[in-house]
Amino acid sequence: MIPSLKNANKRSPLNLKQRTLFKILISIVFLAIVILGGVLLDEGRIVTNLNERNSAPSLKHLFGTDWLGRDMFTRTVMGLSLSIGVGLIGAIGSTLIALFLGMAAATMGKMADRLISWIIDLFLSVPHLVTLILIAFTLGGGFKGIVIGLTLTHWPSLARVIRAEVMQVRSAEFVQVSQKMGKSRWWIALHHILPHIAPQLLIGFMLLFPHVILHEAAVTFLGLGLSPHEPAIGIILSESMKYLSSGMWWLAFFPGLCLLIVVRTFDQIGENLRVLMTRTHD
Amino acid sequence: MYKSKGRKLGLFILMKGVRMATLLVAICFISFLLVKNSPIDPIQAYIGADMLKVGPEQREKIAEYWGLDQPVMVQFLSWGSAVLKGDLGTSMIFRRPVSEIIGERFLNSLVLMIAAWLLSGVIGFIMGVVAAMKKGTWIDRMIKWYCFTLASTPTFWMGLLILIVFAVWLGWFPVGMGVPAGVLSENVTMVDRIQHLILPVLTISILGVANVALHTRQKLIDVLASDYVLFARARGEQGFVLFWRHGLRNVALPAITLQFAAFSELFGGAVLAEQVFSYPGLGQATVEAGLRGDVPLLLGLVIFSTIFVFVGNLLADLSYHLLDPRMREVRKL
Amino acid sequence: MSILEVENLSVSFKQYTDGFKEINHKVISSLNVTLEAGKILAVVGASGSGKSLLAHAILGILPSNANVSGIIKYEGKELTPIRQTALRGKEIALVPQSVNFLDPLMRVGNQVRTSVKNGDAVSAQRKVFERYRLGKEVEDMYPFQLSGGMARRTLLSTAMVSDAKVIIADEPTPGLDPVVIKEALDNFREFADNGCAVMLITHDIESALQIADKIAVFYAGTTVEIAPVEDFVGNGEAIRHPYTKALWRALPQNEFRPIPGSQPHPSSLPPGCLFEPRCEMATAECRQAPPKMRELRDGMVRCIHAT
């Protein structure tokens with residue numbers, strides 16, 4: 001009769017939940033090392049050293065050196081650390097805006113809901129990067145400009161998710177009962193709604209993170225973000241463009257690859273968290 | 001029946017138009033306020049290096065001429081009414097009307113974006129279909145891995161890699177510029193243009209496939225698990241015929257819609273790719289305007305890119321209204 | 001003359017919980033049924049008891065993670081996957097339960113035409129539509145435009161045009177309107193009278209009794225009794241299995257007494273007789289091992305106490 005096509009799922013000593021937790025742990029450790037590296041690495045390795053200019057990757061300089069003899073590995077790790085920091089601020093800001101507007105849309109009546117969905121439409125109707133350029137321009141670029149820009153542009157999709165979630169809990173029986181028992185809005189929000197949307201909020205935050213980091217790097221690359229004195233990845237890559245035609249590929253290759261790995265790691269944590277949370281839900 | 005169908009569609013477009021108009025007015029207003037509050041001095045940005053030669057009196061005259069001494073609302077209204085007449089002002093960098101520059105740059109960008117849009121759409125769709133048909137195999141896992149990785153890849157870095165490989169190492173393509181330097185625009189041949197187009201298109205396409213591919217994969221997996229595919233199999237259909245008859249039409253529509261709705265990301269990709277390859281399109285103009293404080297050009301580009309995104313969304317909605325029989329045909333019973 | 005025989009059919013699904021524990025869900029266990037040309041066999045069982053999977057197993061369209069054992073014979077020869085592929089839609093046709101089984105983006109006329117295996121598809125489709133009183137405009141409609149009755153007749157048309165010898169109908173009478181049910185059942189009688197073997201899978205024992213020649217009672221994934229329809233009279237003295245008796249008594253025109261308890265879940269089947277936990281006649285012996293299907297008074301039963 002019909003042959004069994006099963007057994008694709010290999011046996012392993014850990015179950016899915018443990019494996020997912022393990023993956024998340026590894027990712028977090030990796031990111032922690034990068035951040036610590038950025039803080040602890042010797043600043044001396046990125047001072048101008050004209051004796052070791054333009055050298056290709058070697059054991060001494062894993063990622064090579066640039067035209068001023070600075071060690072590219074150190075610059076990259078510092079850049080990543082900076083990117084994660086900026087990303088963290090931007091993602092936290094965006095998540096807070098999303099939380100506030102999503103809750104407001106779901107609880108403060110029809111008018112507020114319409115207004116907020118109109119604001120969301122407003123933000124989604126201009127290309128993301130153009131909005132970022134506009135905001136960075138208004139604030140005169142630099143750290144402040146990029147952070148505010150990132151905070152103001154990444155919340156709409158998460159706000160929609162939170163609005164839907166809050167709507168769902170609000171109609172749930174236990175909330176209805178609390179309402180009848182005369183509990184205040186704030187009490188219900190704090191005791192019923194917030195705990196319910198916390199997982200979504202965490203997942204949403206983790207999935208925002210990679211976007212924020214990528215956009216920071218992109219805007220900085222375009223010259224409208226962090227200042228050229230900062231060791232940001234965007235700066236490194238934009239500087240490298242001048243030297244690419246002379247064959248110094250390592251200036252662009254490694255920093256970008258590392259950025260990719262960091263972003264992918266964040267994305268993985270978010271996805272794994274999602275798996276974990278939806279599993280425990282049912 | 002056909003009359004009401006036409007009217008329904010007309011009403012739909014009208015509603016969309018009204019919504020778009022309100023959004024556009026709001027965006028104009030907000031953008032205007034934003035650039036007015038920027039620390040960049042428009043007069044200095046206009047005059048540039050000659051600033052030292054300009055005395056305070058002359059400065060005031062220029063300010064008066066531009067209406068910079070008026071309240072912000074008055075400035076907005078006079079700018080707004082000029083925009084309505086189609087006058088977006090004069091670009092400070094290029095010293096030419098903004099509408100002219102946008103028109104010219106848009107043609108360049110349009111070629112770039114259409115090519116990338118088609119290429120990423122078709123390749124992404126095929127990848128998604130293959131992954132879904134081979135679900136669970138190594139091919140599926142590869143495609144999924146590739147797509148997830150691409151979603152984390154910075155566009156400009158991909159551009160740099162392509163530049164290194166194809167332009168620097170292999171030397172197949174020039175390192176930059178939309179047209180060869182030092183050649184009069186009349187003398188630029190079609191071949192030149194295409195040659196400068198390939199790498200940016202490649203950059204945007206390589207990254208653009210991820211979204212369509214993942215979406216198509218999921219959609220096709222759903223379709224293959226549906227009751228109607230089960231019934232089709234029960235009637236003896238299988239393999240490619242089954243996919244062609246039932247899979248394709250049920251998967252293509254959402255994929256097309258998704259591609260249209262992705263105009264915003266397409267524009268963002270173009271901004272970065274144009275910057276990497278020094279391609280003279282809208283994206284590069286946006287960056288220039290932002291960097292050098294060209295307020296009229298920046299405002300013009302914000303408006304234009306908004307319209308561009310809106311057209312994409314409208315096309316996405318329309319494709320549903322026109323192609324899906326459930327939307328197209330009025331219930332006959 | 002039997003045309004399709006199902007012997008000892010078992011279908012199970014492997015599932016992983018917590019990504020570690022492997023659980024075998026046995027949805028069909030040692031099931032036996034036989035289809036005869038010109039006869040209607042009704043497979044009756046409660047909703048959600050895995051009856052549809054029997055149809056899918058015969059046609060070979062179970063999901064790939066299903067494990068199948070047992071033998072299915074068609075015209076005396078074993079129905080291998082290769083033969084299933086060759087025969088489905090041609091000799092064995094399925095009549096599914098709802099409009100969801102039609103491609104939402106394809107005109108229904110076209111969908112019926114794909115079922116035509118010999119001759120001119122268009123004229124065959126038009127002829128069958130005429131016969132089922134489906135107007136000329138229906139062939140250009142999409143499934144969402146069909147009414148419930150039209151959808152049912154369209155689904156019937158697909159089986160009709162295929163010239164299949166075996167028709168498997170899965171819950172063809174989901175609605176409540178007695179007129180519609182009557183019409184649907186008459187259509188199947190017509191199939192049988194034309195020499196087809198019909199398997200009617202349904203939860204509706206009343207309509208099954210109106211039309212079928214034989215009733216197979218399906219409980220928790222297996223057949224507990226196969227009885228000629230004539231046995232269902234009076235207080236059900238002629239019925240063999242306690243579950244069938246209980247079903248019969250639960251009908252409104254009889255005692256209208258529901259059966260206490262509920263069907264066991266496929267993941268936790270009792271070790272002995274599957275009906276034992278709910279059975280009034282259960283003894284310690286019933287818990288020992290699953291009873292074998294045995295012949296009894298011109299029928300079959302899976303109960304050690306049945307007489």
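Helices, in the sense used here, are DSSP runs of at least four residues in the H or I state, and strands are E runs of at least two. With that in hand, residues 143-162 of chain A can be described as 90% helix and 0% strand, with end C-alpha atoms lying 29 Å apart. The model is a predicted one, and the paragraphs below turn to chain A and then to the contact between chain B and chain C.

The span 143-162 belongs to a set marked in an unreviewed UniProt entry, where the annotation "transmembrane region" covers residues 21-41, 77-103, 115-137, 143-162 and 247-266 of chain A. Another member of that set, residues 77-103 of chain A, is 100% helix and 0% strand, and its end C-alpha atoms are 38 Å apart. The unreviewed entry also carries the annotation "domain: ABC transmembrane type-1", placed on residues 80-270 of chain A. In the model, residues 80-270 come to 84% helix and 0% strand, while the C-alpha atoms at the two ends of the span are separated by 19 Å.

Viewed as a whole, chain A holds 10 helices and zero strands. Reading from the N terminus, its order of elements is therefore simple to write, as α-α-α-α-α-α-α-α-α-α. Of the 282 residues in chain A, 51% are buried. Contacts within chain A often link parts that are well separated along the chain: taking those between residues at least 6 apart in sequence, 71% join residues at least 24 apart.

We come next to the pairing of chain B with chain C. Here 23 residues of chain B are in contact with 32 residues of chain C. The two chains bury about 2,600 Å² between them, with carbon and sulfur atoms giving 59% of this area. Which elements of chain B supply at least two residues each to the side that touches chain C? They are helix 9 (227-234), helix 10 (239-261) and helix 14 (325-328) of chain B. Helix 9 of chain B gives the most to this side, contributing six residues. Sorted by class, the side of chain B that touches chain C has 12 charged, seven nonpolar and four polar residues.

For readers thinking about polar chemistry at this interface, two counts are available. Between chain B and chain C there are eight residue pairs in polar contact, with both residues at pLDDT 80 or more. The number of salt bridges between chain B and chain C, on the other hand, is zero.

Conventions: Residues numbered from 1 in each chain as written. Chains lettered and ligands numbered in written order. Predicted model: local features only at pLDDT ≥ 70, side-chain atom pairs only at ≥ 80, totals over all residues. Heavy atoms only, no water. Contact = heavy atoms within 4.5 Å. Buried area = accessible area lost by both parts, 1.4 Å probe. Salt bridge = Lys/Arg side-chain N within 4 Å of Asp/Glu carboxyl O. Polar contact = N/O pair within 3.5 Å; in protein donor to acceptor, adjacent residues only side chain to side chain. Nonpolar A, V, L, I, M, F, W, Y, C, P; charged D, E, K, R; others polar. UniProt positions renumbered as here; feature names shortened; annotations may be inferred. Buried < 20%, exposed > 50% of the residue type's maximum accessible area, 1.4 Å probe, protein only.
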